[in-house]
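Reader: Please take one residue and walk me through its surroundings. Then widen the view to the chain contact and one helix.

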Amino acid sequence: MKLSKEQIEKLAQLARLTLTEEEKARYSTQLTSILDYVEILKELDTKGVAETSQVTGLVNVTRPDEIGKTLATPDELLDCSPLPKTEHQIRVKRIL
Amino acid sequence: MDLHWLSIAEAHKGLLKKDFSSEELTRACLKQIAATDEKLNNFVTVTEDLALEQARTVDKKIVQGEGVGVLEGVPAAMKDIFNTKGIPTTCASKMLEDFVPPYESTATQKLKDEGYVLLGKVNLDEFACGASTENSVYGASLNPWDPAYVAGGSSGGSASSVAAGQAFYSLGTDTGGSIRLPSSFSGVVGMKVTYGRVSRFGVTAMASSWDTIGPITRTVEDAALVLQAIAGQDPYDSTTPDVPVPSYTENLSKGVKGLKIGVPAEYFAEGVTAEVKDAVNAALKEYEKLGAEIVPMSLPLTKYGVAIYYVTMPGELSTNLARFDGLRFGHKPEGTMEDLNDYYKKVRSEGFGPEIKRRIMVGTFVLSAGNSDAYYKQAQRARTLVIAEFAEAFKKVDVLIAPVSPTVAFKVGEKASDPLAMYLADALAIPGSAAGLPALAVPCGFNKDGLPLGFQIMGPHWSEALVLQVGAAYEQATDWHKKHPSF
């Protein structure tokens, strides 16, 4: 299945990536060859086969809703942000 | 005596006997790093002052006659994807070039608790995506046996540094071969554990239903010693179950007499080079001599492994990397941006390298509306069949032995422009990962150009002790692990 330039642009938009014209052309060819390769999976009869989500069989792991030990303070975590902080909050660009 | 070529076990004995100090071990590694790393490009960060301080602390304990643990005072290098509190952790990505984590990963915390000496952080493919470390923003780590060749990836800096005597051991991550492939390419031992055996807390996630953590060492015994320290349930990683951790060293001398070793024909099929097949067959002959029974068998679903991986992994990767939006951490773009969406795009387009963007695009495609059933879900159903096929095999045999990779290490640049060719390097490592099996890469010789050859031992879930036992039997009967590259 050949991916068109429009499809590549739509995927890039969904993934929040800006691609150059050169990248669009390259990814169109490379993604097409990867998707052609994985077509092999359609040979397999998987009717009635469950999808794997957890290979060792664990389900619904829960813990009591209690605060445990703190590994990092809120300010240490805020310090990781490249954006300016105001009153312990990260300032972001406008949304609308 | 060349201290930097000792095994962990030998270094520990020497420390106890006061033949040398931890500071001397540490200085031997630092000297080897200074002498060889310009060529090999393994270290992203060298933590020399910290290492010497940690070493002196251990030396003080020894002088005062206090007991020390087996990893205590033995220098190690960590793949630069493990969060190390206060020490830069880059994932070899421009996205995290300035990131200093405020907390420690569980695996490295456990090593810290054991009194390890941290030499520094080593190179990888960006976000652990690749088979050669050529996707690192810092450039490729090279093969210590011949720097014209790659060290393998994604844990290439880990494997190369251990093979080159720069560190006694390293931790790597293995999602679809990222510990075993570089270990095999670099001639060292690499252990991929059962999914969930080692906590992944504080390690940047790649593909969450596949990711594992394990040791890279120069001997099988050392792999057992490191695994012993890091294995077990962790409340911070809900994929680690309450399965008891056995002794990984107690059976290392037990041998393989009476064990059944399955040899799947598909791992010796077309595309696997004659030199790889010959080397693994020679290792199988050795096992026969040691009293194991070799059982030829067939695993017909092997050929679907790469396709299953290159659908599910990019899907999970694209989801995991969605958190890199430049708000809480990440690359800071320059220039003016209109709105938040514009900011996201700039952060991600500048911060991620080409292979990451490619995988995010594939992942976005396979998970997008209208495609997820035909791609992602079909691959996860195919994976269920692969898991069942392995489970059937382990009813007949104790372990499986096969090549790690179809070829020895390839030349730098050889596959760099062809993503699919690079993906196929992991064709024999991926199926075991799909089923979450433990698998140990063991060196088994050199080809005519002096490049390392290796095989892998796969076992059922939670059978690390058995897999290590089988690996140790071969190592004790051969000398490959005693050979070191010369510089």
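Author: **A close look at Gln378(B)**

Gln378(B) sits in helix H12 of chain B, residues 373–396. Helices (H or I, at least four residues) and strands (E, at least two) are DSSP runs, numbered from the N terminus. The model is predicted: local features need pLDDT of at least 70, side-chain atom pairs count only at pLDDT 80 or more, and totals for chains, interfaces and linings use all residues. Residues are numbered from 1 along each chain as its sequence is written, with chains lettered from A and ligands numbered from 1 in written order.

Is Gln378(B) buried or exposed? Gln378(B) is buried, with 23 other C-beta atoms within 10 Å. Buried means 20 or more such atoms within 10 Å, exposed 12 or fewer, partly exposed in between, with C-beta atoms placed from the backbone.

Leaving out residues up to four places away in sequence, Gln378(B) touches Leu41(A), Thr46(A) and Asp373(B). Contact means C-beta atoms, placed from the backbone, within 7 Å. Val311(B) is 67 residues from Gln378(B) in sequence, yet 9.2 Å away in space, C-alpha to C-alpha.

Now the chain contact. Chain A contributes 42 residues and chain B 54 residues. On the chain A side, H1 (5–14), H2 (21–38) and H3 (74–79) each supply at least two residues. H2(A) gives the most, with seven residues.

Last, helix H15 of chain B, residues 464–477. Twelve of its 14 residues are buried, so H15(B) is largely enclosed by the rest of the structure. The buried ones include Leu466(B) and Tyr474(B). Their cover includes helices H7 (220–230) and H8 (274–289) of chain B.

Technical notes:
The expected span of a helix is 1.5 Å times one less than its number of residues. Two residues are in contact if their C-beta atoms, placed from the backbone, lie within 7 Å.
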